[in-house]
Amino acid sequence: MNELRGKQAFICDMDGVIYHGNRLLPGVEAFLDWLKASGKKFLFLTNSSERSPRELREKLKRLGVEVPEEHFYTSALATAAFLAQQCPGGSAFVIGEAGLTNALYNAGFSMNDTNPDYVVVGETRSYSFEKLEHAAQLMIKGAKLIGTNPDLTGPSEKGIVPATGALIAPLELATGAKAYFVGKPNPLMMRHALKQLGCRREDTAIIGDRMDTDIIAGIESEIETVLVLSGVTRQEDLIHFAYRPHYILPGVGDLVP
């Protein structure tokens, strides 16, 4: 643990690590106080595409903790950056929330429901058959399918809820297309995080609650991994994975000396 606590920077997931829905998890305040008091660099790296960094900052403030906006990076921002490189000034039909559409607008993309370059899917509560039907028709005409993240489920106050991987599956099945996912465990997301932190991978650790995104992302990027059992992955689930995290903790508060 002393080696882990000696890291210069921490990449930290949010859902299932910092909060469940609108409930701050135990130990989070002590963890954040320790990061700040120790002069650690840190970045909240979330596969959720619903909210902007500003909205995430405001959410944490409502939950009782203050974190500046520059400490947040989302799969929506990573997706927008990726698409801006692939197709500058392109257009998209989006099934998602404001955090995703705003990120695409800010990257120079326009919204297009007639002949877009891409169909982009992220978490949303306005999911409907009409949107799926229209997206499938656009894909058949040539639009490429992009997912902000491959998560099938996510934690909430009410329990496990469907996430982007589950929402995008009907489009893959209906059209035969395979989505390209930008969020974790895609190494693109991890490189964005390291650049934002200005740290080497050897000096960084990633903390997450999912073996299939957070932990595999760290392993494939050669970043030390910490699995917390406060979210999706349970201790008994570990036997189903061919890889292991470097550390397993009940929650982020257990990192505090």
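Here is a short walk through the structure above, from the whole chain down to a few aromatic rings. Keep in mind as you look that this is a predicted model.

Let's start with the overall build. The chain carries nine helices and 15 strands. Measured out along the principal axes, its C-alpha atoms fill a box of roughly 55 × 35 × 35 Å. How does the radius of gyration fit with a compact globule? For 257 residues, such a globule would have a value near 18 Å, and the chain has 18 Å, so the two agree.

Next, look at how the chain packs. Of its 257 residues, 53% count as buried. If you take the contacts between residues at least 6 apart in sequence, 67% of them join residues at least 24 apart.

Turning to the outside, the accessible surface of the chain comes to about 11600 Å², and carbon and sulfur atoms account for 50% of that. As for charge, there are 26 positive and 31 negative side chains in the chain. The centres of these two sets lie 2 Å apart.

Finally, zoom in on the aromatic residues. With ring centres within 6.5 Å as the cut-off for a pair, the count comes to seven aromatic pairs. One of them joins F42 and F44, which meet edge-to-face, with 5.9 Å from centre to centre and 70 degrees between the planes. Are these two residues buried or exposed? Both F42 and F44 are buried. Elsewhere in the sequence, F10, F31 and W34 come together as one aromatic cluster.

Technical notes:
Residues are numbered from 1 along each chain as its sequence is written. This is a predicted model: local features need pLDDT of at least 70, side-chain atom pairs count only at pLDDT 80 or more; totals for chains, interfaces and linings use all residues. Side-chain values use heavy atoms; hydrogens and water are left out. Helices (H or I, at least four residues) and strands (E, at least two) are DSSP runs, numbered from the N terminus. The radius of gyration is taken over C-alpha atoms; the globule rule is 2.2 Å times the number of residues to the power 0.38. Buried means under 20% relative accessible area, exposed over 50%, partly exposed in between (1.4 Å probe, protein chains only). Contact means heavy atoms within 4.5 Å. Accessible areas come from the Shrake-Rupley method with a 1.4 Å probe; for residues, only the protein chains shown count as cover. Lys and Arg count as positive and Asp and Glu as negative; His and the chain ends are not counted. The place of a charge is taken as NZ of Lys, CZ of Arg, CG of Asp or CD of Glu. Rings of Phe, Tyr and Trp (its six-membered ring) pair if their centres lie within 6.5 Å; planes under 30 degrees apart count as stacked, over 60 as edge-to-face and the rest as tilted.
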